[in-house]
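Colleague: Please go through this model with me, one question at a time. I should like each answer to show its reasoning.

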Amino acid sequence: MRPLFNCSQSDFILVVETGLNSFHEYLASFTARSPKYVLAWETTMRTDLAAAEAMPTEEVRDAEMSALGVELSEQGDLCRNFYQRLKGHIAAAFPENLVEIKQQAAGQKLYEKASENNWPSLLTMLSMAARFVAANVATLTANDEMPPAFPAEFDAAIAGFRLRLSTYQDFKETIMVERQERVAALNDIHKRLMPMMTTGQDIFKDNEAVRTQFVFNDVLKRITGPGLAGLDGKVTDNGTNLPISGALVKLFLPDNPSTEYLGTSDANGDYFVNCPSGTYSVTVSAVGYTPHTMTDIIISVGTVSKINVKLAAV
């Protein structure tokens, strides 16, 4: 699920709070325009916003995930050290012409992937190794080649790895669910906020200073301050020069196309995308129009670049 807003979650929350403050200031005008816009509507919005804000943030969960990843990696290193010791015990306990065969039976073919923190490969290799030790313990411990405590110690290390891997995977799934729940909650607020903002623009269409208090992109620019970096402009029809509403503006780094920064044009065709500084590729698309892509668009630190885009109808 993608956010409906073209900014970070924390910035969106500030926009909502600012919008609700403006709504409260002009509550009488809103109530006169629509009976649903009363104090109870504002109260519900603030309650729902507080609940969404209280949900775990990506930053907090990512830090917790990283900590679990470190623990898992450390346990993996411990298990790999045990595995290397096992290979030595196999070399000492079996005839030279059987050593490679026995090591393969203990999972040696998986070691390269397992050494790169490929967790499924490491788990499979360790399982094969544990079964090999259990089946060959008499040979391995003969002539004091392998310490008698080694099998139990190896099993304990493997059990620790399984536990940490399970914890890591469960937490990863939990984070995915939580992220979707937080985005869904904020999207629901966005769906209720925007009609109020549009109503405010209409009520104060003859008072520009007040009208801009209900224009999402204008509020966003004000709250993000002088350190803002981003891209803004207008999307229009190449033939008629009329504004295109709902055009999707997507910024991405050519070396990392999976990281996207999105914006949507409003009823006037205006868009704004908040993003870090960098050199981006930009794609603008809209239903009924041929997408337009631009490359090497430079966004400098602390500045908002402007690009107006004309789309050709299909």
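**Cavity, confidence and salt bridges**

Modeller: The largest cavity of this predicted model is lined by Gln 9, Pro 56, Thr 57, Glu 58, Arg 61, Ile 175, Glu 178, Arg 179 and Arg 182. The elements that give two or more residues to this lining are helix H4 (58–93) and helix H8 (150–203).

Colleague: Which element gives the largest share of the lining of the largest cavity?

Modeller: Among the lining residues are Ile 175, Glu 178, Arg 179 and Arg 182. Helix H8 spans 150–203, and the largest share, 4 residues, comes from H8.

Colleague: How many residues of that lining are charged?

Modeller: The lining includes Glu 58, Arg 61 and Glu 178, and Glu and Arg count as charged. The lining divides into 2 nonpolar and 2 polar residues, while the charged ones number 5.

Colleague: What volume does the largest cavity have?

Modeller: Rolling a probe the size of a water molecule over the atoms shows where empty space is left. A search of the whole structure finds 1 cavity of 30 Å³ or more. The volume of the largest cavity is about 60 Å³.

Colleague: In which element is confidence lowest?

Modeller: The protein chain averages a pLDDT of 90, and 98% of the residues score at least 70. Confidence is highest in helix H5 (residues 96–105), at 96, and lowest, at a mean of 80, in strand E3 (residues 256–264).

Colleague: Is Arg 80, which forms a salt bridge with Asp 77, buried or exposed?

Modeller: The side chains of Asp 77 and Arg 80 meet at 2.6 Å, N to O. Both residues lie in helix H4, 3 residues apart, about one turn of the helix. Asp 77 has 38% relative accessibility and counts as partly exposed. The relative accessible area of Arg 80 is 7%, and buried means under 20%, so Arg 80 is buried.

Colleague: Which residue forms a salt bridge with Arg 192?

Modeller: Side chains of opposite charge can pair when their charged atoms come close. The partner of Arg 192 lies in helix H8, as Arg 192 does, 4 residues apart, about one turn of the helix. At 2.7 Å, N to O, the side chain that meets Arg 192 is that of Asp 188.

Colleague: How many residues apart are Asp 232 and Lys 306?

Modeller: The side chains of Asp 232 and Lys 306 meet in a salt bridge at 3.4 Å, N to O. This pair links distant parts of the chain, with Asp 232 in strand E1 (residues 230–237) and Lys 306 in strand E7 (residues 304–306), and their separation is 74 residues.

Conventions:
Residues are numbered from 1 along each chain as its sequence is written. Side-chain values use heavy atoms; hydrogens and water are left out. On a 1 Å grid over the protein atoms alone, a cavity is a set of points where a 1.4 Å probe fits but cannot get out, and a pocket is an open set with protein on both sides within 12 Å along at least five of seven lines; lining residues have an atom within 4 Å of a point. Grid points are joined across faces, edges and corners, and a volume is the space filled by probe spheres set on the points. pLDDT is the predictor's confidence in each residue, from 0 to 100. A salt bridge is a side-chain nitrogen of Lys or Arg within 4 Å of a carboxyl oxygen of Asp or Glu. Buried means under 20% relative accessible area, exposed over 50%, partly exposed in between (1.4 Å probe, protein chains only).
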